[in-house]
Amino acid sequence: SNAPATVIPETTVNAKEQKARNVVLQQGATVEQLVKALGAIGSTTRDVIAILESLRAAGALDAEIEVI
């Protein structure tokens, strides 16, 4: 049997566009250098964790990530 269609009310989302921020690192940069650079452009701890997890998932970071 088919599930009934779901009606989603129209929602307005207000987003403030921010200027893009870039981090430039030398080849072979350490995780510490990356974290410091991300902090310098205003990344939150949650942002840094998400970025590290994404890098690991992409195979660009060979490390275990433990959030304490």
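Modeller: Let's start with one term: a residue is called buried when its relative accessible area is under 20%, and exposed when that value is over 50%. Keep in mind too that what we are looking at is a predicted model. Now take Ala 37, which sits in helix H1. Its relative accessibility is 17%, so Ala 37 counts as buried.

Colleague: That helps. Which residues does Ala 37 touch, leaving aside those up to four places away in sequence?

Modeller: Two of them: Val 23 and Leu 25. Val 23 is a nice case for comparing sequence with space, since 14 residues separate Val 23 from Ala 37 along the chain, while their C-alpha atoms lie 6.3 Å apart.

Colleague: Let me step back to the overall picture. How many helices and strands does the chain have?

Modeller: There are 2 helices and 0 strands. Of the 68 residues in the chain, 10% are buried. The accessible surface is about 6,500 Å², and carbon and sulfur atoms account for 51% of that.

Colleague: How should I read the length of a helix, and what span does H2 reach?

Modeller: Compare the end-to-end distance with the rise expected for each residue. H2 covers residues 45-57, 13 residues in total. From first C-alpha to last, H2 reaches 18 Å, close to the 18 Å expected at 1.5 Å a residue.

Colleague: And what comes just after each helix? Which residue after H2 has a positive phi?

Modeller: That is Gly 59, with a phi of about 80 degrees. H1 has a glycine after it as well: Gly 42 follows H1 and has a positive phi, near 90 degrees.

Colleague: Next, the faces of a helix. Which residues of H1 are buried?

Modeller: Leu 34, Ala 37 and Leu 38. Looking down the axis of H1, these buried residues fall within an arc of 100 degrees, so they line one face of the helix. On the other side of H1 you will find Glu 32, Lys 36 and Ala 40, which are exposed.

Colleague: What does the buried face of H1 pack against?

Modeller: The buried residues of H1 pack against H2. Leu 34 is a good one to click on. Leu 34 is in helix H1, and at 14% relative accessibility it counts as buried. Beyond its sequence neighbours up to four places away, Leu 34 touches Leu 25, Leu 52 and Leu 55. You can also check a C-alpha distance: Leu 34 and Val 48 are 14 residues apart along the chain, and their C-alpha atoms are separated by 9.0 Å.

Colleague: How do I read a nonpolar core, and which residues make up the largest one here?

Modeller: The general idea is that in soluble globular proteins, nonpolar side chains tend to be buried together. Here the largest nonpolar core has 5 residues: Leu 34, Leu 38, Val 48, Leu 52 and Leu 61. The elements giving two or more residues to this core are H1, which spans 31-40, and H2.

Colleague: What about the loop between H1 and H2? Is Ser 43 buried or exposed?

Modeller: Ser 43, which is found in that loop, has a relative accessibility of 17%, so it counts as buried. Outside its close sequence neighbours, up to four places away, Ser 43 touches Leu 38 and Val 48. Those two are members of the core we just listed.

Colleague: Last topic: charges. How many salt bridges are there?

Modeller: In general, side chains of opposite charge can pair when their charged atoms come close. In this model the count is 2 salt bridges. One joins the side chains of Glu 32 and Lys 36, at 3.3 Å from N to O. Because Glu 32 and Lys 36 are 4 residues apart in helix H1, about one helical turn separates them. Both residues are exposed.

Colleague: And which residue forms a salt bridge with Arg 56?

Modeller: Glu 64, with the closest N and O atoms 3.1 Å apart. Apply the accessibility cut-offs we began with to this pair. Arg 56 is at 38% relative accessibility, so it counts as partly exposed. Glu 64 is at 69%, so it counts as exposed.

Key:
Residues numbered from 1 in each chain as written. Predicted model: local features only at pLDDT ≥ 70, side-chain atom pairs only at ≥ 80, totals over all residues. Heavy atoms only, no water. Buried < 20%, exposed > 50% of the residue type's maximum accessible area, 1.4 Å probe, protein only. Areas by Shrake-Rupley, 256 points an atom, 1.4 Å probe, with all protein chains shown as cover. Expected span 1.5 Å × (residues − 1). Core = buried A, V, L, I, M, F, W, Y, C linked by side-chain atoms within 4.5 Å. Arc of directions from axis to C-beta. Contact = heavy atoms within 4.5 Å. Salt bridge = Lys/Arg side-chain N within 4 Å of Asp/Glu carboxyl O.
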